[in-house]
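Reader: Hi! I'm new to reading protein models, and I'd like a close look at one part of this one. Could you walk me through how its helices pack and then what surrounds that?

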Amino acid sequence: MHLTLFTLAITLIATICLAKSPYQSVLQHSRIRGRQHGPNVCAMQKIQGTDKKYFTNCKQWYHRKICGKPTVISYECCPGYEKLSGEKGCPAALPLVNIYNTLGMVGAATTKMYSERAQLREEIEGPGSFTFFAPSNQAWAALPTEILDALVSNVNIELLNALHYHMVNRRLTSEDLKHGSAFPSMYQDFNVHIHHYPNGIVTVNCARLVKTDQHATNGIVHVVDRVITAVTNNVHTFIDTDDDLETLRTAVAAAGLTQMLESDGHYTVFAPTNEAFEKIPPEMLKRILGDPVALRDLLNYHILKNMQCAESITSGTPLETLQGTVLEVGCDGSDMTLNGKAIIQKKDQLGTNGVVHYINELLIPDSAKTLLELAQGSVVTTATKLFVDAGLGSHLSGSEALTILTPQNEGVKMTGELKKLLKNHILKEQLSSGVLYHRQELETLGGIKLRVLVYRNSLCIENSCIAAHDKTGRFGSMFTVDKVLTPPMGTIMDVLKADDRFSLLVGAIQTAGLTELMNQAGPHTVFAPTNDAFSALPKADLNKLMGNPQELASVLKYHMAKEILVSGGVGSHTRLKPLQGDKLELNMVHLLFKILFSVEKMLLFLLCTSMTYIIYIVHNVLIYSTSQKFGHTYSFQGFSSFFTIFYIVE
C-alpha cells in the first residue's frame, strides 16, 4: 500500500515536471487522477449547482473547492479521445475530420449551425490551417436575445464577421498560447488576446478555454465559454466615456495617469464608480484629491501590474499593484472579490492594453491615510480615542512626520496624567521597525527618550513590544504595541524608596553596601522582594542573613542581572546571567515563562522601568547558596502575560 502511494507520488511529480506549460501540468494531473478508470480518462471538478467544470490541480483536488464552493468529481474522456462500447476508459482517438465536423463532436454544435447559416461552412471544410475559438452551446445560450438577433440578421454579414473574429489563420495549440500574446483574427486583423495563467487556465479575450487542442485535418478547435467581441479601445477609453466613472476620470487626469492608461501594457484596473467615491467621508476625499502624492498612491492601488480576467481566479490570490502593495483577488461562487469583499459590479471590460472591472467601493491604501485614519477601524481604537480626548488629534491628522506607538485595545490600562503619558507614545520622526536597533534612543513629543530593545523573537520599546506589522501612512507610521508604554522613572533606588512595600529591601541594599550599585547606570533587570517576601522567611534565617552583609549581598545580587529583559523578550531558551550565580534559562511555553526546576511558588509583578533598569516585584526572597545545588519556582505577572520562573543555583 505504502509502495503504491509512493510510486503514484513519484509518477505525479515526474509527469507534471515534464509538462511544458501550466495548462499541460494541470491536464497531466487530471490524467493521473483519472487513470484508475481507464486510459485517457481525466478527473474533472464541477462546481455544484453550475455547469462549470475544471481540470483539477493538487490544491483543488484536496480541498474539493473552487471559488469557495464545493465541487464534485467526474471522470471524462481527455481532450481528443472517446469511449468505445464495452471497453474501459477512452481508448479511441476522435476521428480526424475537418473543423466543421469537429465542431459537432466537441460540444460546439451551435457554432456549427451558425457557421452554416453565415456561409462559413465551405471555408472551414476546405483546405487551410485555422484555429477556431468556438463558443460552446452554453455560451451562445447566454447571449442576450437582442445581441443574438442582431448577429443573425443583415443577410448574416454580422454573424460571419463575429465568427471570423473567433478564427486565426494558423494552427495554434495550447502550447502556442503564451501569456500576454496576441494574434490577428480573420476579421480585419483585429487581435485576439491570450492569457495563460499559472493555475493552468487559458483565456482568449477573457473567455476561458474549456476544451482545448481538438485537432482537425485543416486546423484545431478550442472550445470557449463565451462569445467574444473585437477589442478596439484601450482601458482609458472606458474611463473617458462612461458617465459612471466621471469622478475617476477627473482623478486620473489630476494624478497624471492618463498617458500610462493609454499606452501599451497588460493592466488590470479596478475602476471605482461615482457611487464608490461618494461613500468616502467628504473631508477625507477632499484631502486626498488635493494631495497629488496621496492621490497617485490611491489610484495606483487600484491597478495591477498584470492582466487578470475574472475567469482566471479560482481562489484568493495576492497580486501586486502599481502602488507597491498587494490586493487579494479572489472569488466567491460567481462573484469576483477584492480583499474578501464582493464589490465588483461589472467584470471583464476588455481593452487593447488590459481589462477593467467596475467596483462600488473605493480602496484606500495605508500610504494615502493620516495616522488617525490608519488607527480607525483597527485593533487600537481604544487608544486612538484616548489620543483624541487628550487633545492630541491634530498630531494624528496633520502632516507632521511622526511615529505613533498605539497599544492594542486589550493592552490599554491608563493611569496618571493622560496627555503627558500619551505624548510619550508619539515619536518625533517617521520610522520603520526595520531600521530600529538595540539600545537606540527615540525622542518623544513629551521630551523623553525611549530605548529600543532587540531580542531574538521580539522588538520592544521600553516594556512594550511590537505586536503587528508597521502601518505606513502619508506622513507618519504606526507601530501597534502589546501594552501601554511605561517611560523611564529614574534609578533603582529612586523607585524602591518611593514605594513603602520595599522598605526592608532598601534597608537590605544599604546594609549589603549595594546602594552605589543601585544608583549607577545599568543596564539591570532586578527582581525586587517585597516586605512580605522578607517576612515569609523563618525569623532566625532572616536575622542571620541581615547580620551577614557579605551573604546578604550575594542573595541580593542573585536578584539582579546586568542586562535589560522585558517579558516580551522571553522566547525559547532565553538565558539571563545574574550578578551572583551561573545562569537563568527561561522558556516561554503557552504564555508561561520558565527557568528549570520547581519547588515552591511566588508572585512577581513588573513594577516599572527606569532609565537603565527593569524592576519586577517578587513575593519571596531567592536564597543563593554556594554550598549546594537547589532550586525554587517563581511566578510573576507583567501587564498582560503570566510567567513561571524555574532556576538553577550553582
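Author: Here is a walk through one helix pair, followed by some other spots in the chain.

Keep in mind that this is a predicted model. The chain has 25 helices and 37 strands, and buried residues make up 52% of its 650 residues. Take the contacts between residues at least 6 apart in sequence: 62% of them join residues at least 24 apart.

Now for the close look. Helix 11 covers residues 246–255 and helix 15 covers residues 292–300; their axes are 9 Å apart and they pack at an angle of about 120 degrees. An angle like that makes helix 11 oblique to helix 15, because 65 to 115 degrees counts as roughly perpendicular and only angles over 145 count as roughly antiparallel. As for handedness, helix 11 passes helix 15 in a left-handed crossing. On the helix 11 side, the touching residues are Leu248, Ala251, Val252, Ala254 and Ala255, and on the helix 15 side they are Leu295, Arg296 and Leu299. Sort that contact by class and you get seven nonpolar, no polar and one charged residues.

Let's hold that up against another pair. Helix 21 (residues 503–511) and helix 25 (residues 549–557) have axes that come within 9 Å and cross at roughly 120 degrees. That makes helix 21 oblique to helix 25, and helix 21 passes helix 25 in a left-handed crossing. Here Leu505, Ala508, Ile509 and Thr511 of helix 21 meet Pro549, Leu552 and Leu556 of helix 25. This contact divides into six nonpolar, one polar and no charged residues.

So where do nonpolar residues gather? In soluble globular proteins, nonpolar side chains tend to be buried together. In this chain, the largest nonpolar core has 48 residues, and the ones touching the most other members are Phe133, Leu177, Val192, Val204, Phe270, Val329 and Leu338. Zoom in on Phe270: leaving aside neighbours within four places in sequence, it is in contact with His302, Leu304, Leu327, Val329, Met336, Leu338, Ile344, His357 and Ile359. Apart from that core lies another one, of 28 residues, including Ala294, Ile303, Val356 and Ile364.

Two buried residues are worth a visit as well. Tyr165 lies in helix 9 (residues 157–165) and counts as buried, at 1% relative accessibility. Setting aside residues within four places in sequence, its contacts include Tyr187, Phe190, Asn191, Val192 and Ile228. Tyr165 and Asn191 are 26 residues apart along the chain, and their C-alpha atoms are separated by 8.4 Å. Then there's Ser115 in helix 5 (residues 109–117), which is buried with a relative accessible area of 0%. Not counting residues up to four places away, Ser115 touches Leu103, Leu120, Arg121, Ile124, Phe132 and Leu163.

Last stop, two loop residues. Arg64 sits in the loop between helix 3 (58–63) and strand 3 (65–66), and it has a positive phi of about 55 degrees although it is not a glycine. Arg64 is partly exposed, with a relative accessible area of 34%. Gln188, in the loop between strand 9 (182–184) and strand 10 (191–196), isn't a glycine either, yet has a positive phi of about 55 degrees. Gln188 is exposed, with a relative accessible area of 57%.

How values were computed. Residues are numbered from 1 along each chain as its sequence is written. This is a predicted model: local features need pLDDT of at least 70, side-chain atom pairs count only at pLDDT 80 or more; totals for chains, interfaces and linings use all residues. Side-chain values use heavy atoms; hydrogens and water are left out. Axes are lines fitted to C-alpha atoms, for helices over the stretch in contact, and angles run from 0 to 180 degrees between N-to-C directions. Helices (H or I, at least four residues) and strands (E, at least two) are DSSP runs, numbered from the N terminus. Angles under 35 degrees count as roughly parallel, over 145 as roughly antiparallel, 65 to 115 as roughly perpendicular and the rest as oblique. A crossing is left-handed if the near helix is turned anticlockwise from the far one by less than a right angle, and right-handed if clockwise. Contact means heavy atoms within 4.5 Å. Ala, Val, Leu, Ile, Met, Phe, Trp, Tyr, Cys and Pro count as nonpolar, Asp, Glu, Lys and Arg as charged, and the others, Gly among them, as polar. A nonpolar core is a set of buried Ala, Val, Leu, Ile, Met, Phe, Trp, Tyr and Cys residues joined through side-chain atoms within 4.5 Å. Buried means under 20% relative accessible area, exposed over 50%, partly exposed in between (1.4 Å probe, protein chains only).
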